[in-house]
Amino acid sequence: MAKVKVGFTPRLGIAGQDEVTDIIFGIVMMQKLERTMDVVTRVRAAVERINSDGSLPRGVKIVPFYDAATSSASR
């Protein structure tokens, strides 16, 4: 069992993009030996589903800002 209570946790980091200095972000981590395009395809489908099925509050949506499938960065 867990105890739920109102409290405060100090903020440990901040993220920004373009002119917006405070955004919420998430990172998708790929497991070892996974194929990049398989993971990217599943993540894109999940983002589309979440953005369109009413899971998020009105006016909120997931907007990808880095896609490993379209990146030209060398590894």
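The questions and answers below deal with the salt bridges of a predicted model.

Trainee: How many salt bridges does the structure hold?

Mentor: Side chains of opposite charge can pair when their charged atoms come close. A pair counts here if a side-chain nitrogen of Lys or Arg is within 4 Å of a carboxyl oxygen of Asp or Glu. In this predicted model, the number of such salt bridges is three.

Trainee: Which residue forms a salt bridge with E34?

Mentor: The closest N and O atoms of the pair are 3.3 Å apart, and the cut-off is 4 Å. E34 itself is partly exposed, at 29% relative accessibility. Its partner is also partly exposed, at 48%. That partner is R42.

Trainee: How many residues apart in sequence are the parts that R44 and D67 tie together?

Mentor: The side chains of R44 and D67 meet in a salt bridge, with 2.7 Å from N to O. R44 lies in helix α1, residues 36-52, whereas D67 lies in the segment after α1. The pair therefore ties together parts whose separation in sequence, in residues, is 23.

Trainee: Is D67 buried, partly exposed or exposed?

Mentor: Buried means under 20% relative accessible area, and exposed means over 50%. D67 has a relative accessible area of 21%, so the class that applies is the one in between. D67 is partly exposed.

Trainee: What is the distance between the closest N and O atoms of D53 and R49?

Mentor: D53 is partly exposed at 40% relative accessibility, and R49 is partly exposed at 47%. The two residues form a salt bridge, for which the cut-off is 4 Å. The closest N and O atoms are separated by 3.6 Å.

Conventions. Residues are numbered from 1 along each chain as its sequence is written. This is a predicted model: local features need pLDDT of at least 70, side-chain atom pairs count only at pLDDT 80 or more; totals for chains, interfaces and linings use all residues. Side-chain values use heavy atoms; hydrogens and water are left out. Buried means under 20% relative accessible area, exposed over 50%, partly exposed in between (1.4 Å probe, protein chains only). Helices (H or I, at least four residues) and strands (E, at least two) are DSSP runs, numbered from the N terminus.
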